[in-house]
Amino acid sequence: MTKKPIIFSYKQLPEEIDIHDFKNISFHHHLRNGDTVLNNVLQIYENEHVKKLNLFPSAIFPAYTKILDLLKNNQINGITTNYMNGPVADYLSHQPLPGKITMQTHGGRARRILNNQTTLDIAYIASPYVDPYGNAIGYKGKSVFGSMGYAIADAQKAKIVVLITDKLIDTKLEDPEIDGSYVDYILQVDSIGDTQGIVSGTTQITTNPIGVKIAKQTTSLIKELGLLKNGFSFQSGAGGISLRVTENLKEEMVHLGITASFFSGGITQYHVDMLEAGLVDKLYDVQCFDLAAINSLRKNTNHMPISASVYANPEDPNQVIKDLDIVILGATEIDYDFNVNVTTDSHGKIIGGSGGHSDTASESKVSIIVSPLIRSRIPLIKERVTTITTLGKHIDCLVTERGIAINPKRQDLIDKLSKTNLPLKTIKQLQEEAFKYTKQPKKLKKYDTMIGDIQDRTNKIIDHLYKK
Amino acid sequence: MNVSAGSYESNDCLITLEPAAELECIIHSVVKEQFGEQIELVLKQTLAGHNITHVKLVINDKGALDYTIKARLETAIRRMRDLDE
């Protein structure tokens, strides 16, 4: 192994790399709202007036405001990402790019990078703990963030790979997440960001009575479907209701004396507690949602960081979620065909994106949407969602505070539940219930200037984004 | 003197009333596109039910349901009448 050249400041980047020539640049979002690498790198692109950039950040958070400056300077041609929220998303909802927005999934992004459909020129990878040979891990260092899952494909395929770190060690790292053989440069900086910024507001268990009720019904549904048995696998994400379901399942598991085989996806304190209590054998972690998850990754050998490809790439032979029994997911909107929107709000503004939503819904044996029927007077259920994030054929159950709807395509589930006491309703009946409280909303005008694509993990374009 | 009731929080609304030469309703709502007409209807019906015709009403709504809007307005009306006494 050879030692990698070290760059000592962001300003030195253009001396080493022809940033004007390589237009497709990628970032990962593991530091979430605490990341400072993306803004600092893009500051150099602003200073150097680089034009026609194509950005490939795995997600865009509110703090990533340097993108906004580059947009206003007309330096960006296209943006490909899996999720975006905040000022950049607001701006892009109103201002078309010269190219377009492409929304991908976590698995779909890795798939396209690894099979060369996406060409990455430079990957800028924030890395908390790096050795002189370019090996890196995310769960040690000054600015830890845990799993480096979303950056692995970028490291393997980008023409130039730059690790940005605030902790360069002298000795060789064993068993790294990023393999140094892919790495070209190490950029040493004072700080890559603030670990506290990875904790998002949503990773709190709900105590809202509506959320508590939905979680309780979901737990009953899982039991009645016969899914709660020894060796089952489960993914919950970090939504407040989903975490409540996780807590409820924990009690049930202790009561029944069963254990789970694995939990996957984004990992929180709640999942770690169950690992340490011996209730689940393995955690497959593509992203740490809190500090407890990072600490666990460091000390628990059965808590493993995995790449986005191993997590959710349908072409990866080791794909974890193909063995997933149950996934709990959220929805901003759901429609008569069970299509789910978590990408835009009902007014067409971009507020999120799939992340792993459609990956896990596609692969899991049973996918369950948990959501209140009404949020700030907006009914959850629409005749047609504003934007399709996940196709209805992958969505099996909807649990709300006023009943459960099963996708008619899953007659097997409906049969299983027919003799239970669960409040089963059709999705249209649930919509009627909501309208009793909200009244029928007036249909909003349709927008027709296309500004982007929603790309499924299968590579199909399943919907478009429109300028507001 | 104006009076108000409610809060500018999700699923609630803040309603302010002040005496005026005629009836005026100013509606700010996150769901105005979908429910603006319905909100106006509830406000006007509630005011009419209390025989109020000379008032300027401002509502800042964050998705309150009809019965919340009505309750907030009735409280504001009572506060206005308490002030008059």
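Over the ring of which residue does the charged end of A:R377 sit? In this predicted model, the ring belongs to B:F35, and the charged end of A:R377 lies 4.5 Å from its centre. A second arrangement of this kind is found within chain B, where the charged end of B:K62 sits over the ring of B:Y8, at 4.9 Å from the ring centre.

Chain B may be described next. Its secondary structure comprises two helices and four strands, and these follow one another along the sequence in the pattern β-β-β-α-β-α. The C-alpha atoms occupy a box of roughly 35 × 20 × 20 Å, taken along the principal axes. Chain B has a radius of gyration of 12 Å, and because a compact globule with 85 residues would have a value near 12 Å, the two agree. Of the 85 residues, 40% count as buried. Among contacts in chain B that join residues at least 6 apart in sequence, 73% are between residues at least 24 apart.

The nonpolar interior follows. In soluble globular proteins, nonpolar side chains tend to be buried together. The largest nonpolar core here contains 147 residues, and A:Y45, A:I67 and A:Y124 are the members that touch the most others. Helix α2 of chain A, residues 37–47, supplies the largest share of this core, with six residues. At least three residues come from each of domain 1 (6–198) and domain 2 (209–445) of chain A. Apart from this core lies another, of 24 residues, which includes B:L17, B:V31, B:L43 and B:A64.

A:Y45 merits a closer view. Setting aside residues up to four places away in sequence, A:Y45 touches A:I19, A:I25, A:V50, A:L53, A:L70, A:Q75, A:I122 and A:Y124. Both A:Y45 and A:Y124 are buried.

The contact between these two tyrosines leads to the aromatic rings. A pair of aromatic rings is described by the distance of the centres and the angle of the planes. Over all chains, the structure holds six aromatic pairs. One of them is formed by A:Y45 and A:Y124, an edge-to-face pair with 6.2 Å from centre to centre and 85 degrees between the planes. Since A:Y45 belongs to helix α2 of chain A and A:Y124 to strand β6 (residues 122–126) of chain A, the pair ties together parts that are 79 residues apart in sequence. Another pair, A:F61 with A:Y83, is tilted, with 5.8 Å between the centres and 35 degrees between the planes. Here A:F61 lies in the loop between β3 (53–57) and α3 (66–72) of chain A, and A:Y83 in the loop between β4 (76–81) and α4 (87–94) of chain A, so this pair ties together parts that are 22 residues apart in sequence. The partners can also be described by accessibility: A:F61 is buried, with a relative accessible area of 10%, whereas A:Y83 counts as partly exposed at 28% relative accessibility. Ring pairs also link A:F27, A:Y45 and A:Y124 into a cluster.

Three further positions in chain A complete the account. A:L114 is placed in helix α5 of chain A, residues 106–114, and its relative accessibility of 23% makes it partly exposed. Which residues does A:L114 contact, leaving aside its neighbours within four places in sequence? They are A:A153, A:Q156, A:K157, A:S309 and A:N313. For A:L114 and A:S309, which are 195 residues apart along the chain, the C-alpha atoms are separated by 8.4 Å.

A:G197 and A:T206 share a setting in chain A: A:G197 lies in the loop between β10 (185–188) and α7 (209–224), and A:T206 is found in the loop between β10 and α7. Is A:G197 buried or exposed? A:G197 is buried, with a relative accessible area of 17%. Beyond its neighbours within four places in sequence, A:G197 is in contact with A:L31, A:R32, A:N33 and A:G34. Its C-alpha atom is separated by 32 Å from that of A:N115, 82 residues away along the chain. A:T206 is likewise buried, with a relative accessible area of 13%. Not counting residues up to four places away in sequence, A:T206 touches A:G211, A:V212, A:G240, A:I241 and A:R244.

Notes: Residues numbered from 1 in each chain as written. Chains lettered and ligands numbered in written order. Predicted model: local features only at pLDDT ≥ 70, side-chain atom pairs only at ≥ 80, totals over all residues. Heavy atoms only, no water. Core = buried A, V, L, I, M, F, W, Y, C linked by side-chain atoms within 4.5 Å. Buried < 20%, exposed > 50% of the residue type's maximum accessible area, 1.4 Å probe, protein only. Domains from an automatic or database assignment. Contact = heavy atoms within 4.5 Å. Phe/Tyr/Trp six-rings, centres within 6.5 Å; stacked < 30°, edge-to-face > 60°. Lys NZ or Arg CZ within 6 Å of the ring centre and 35° of its normal. Rg over C-alpha atoms; globule rule 2.2 N^0.38 Å.
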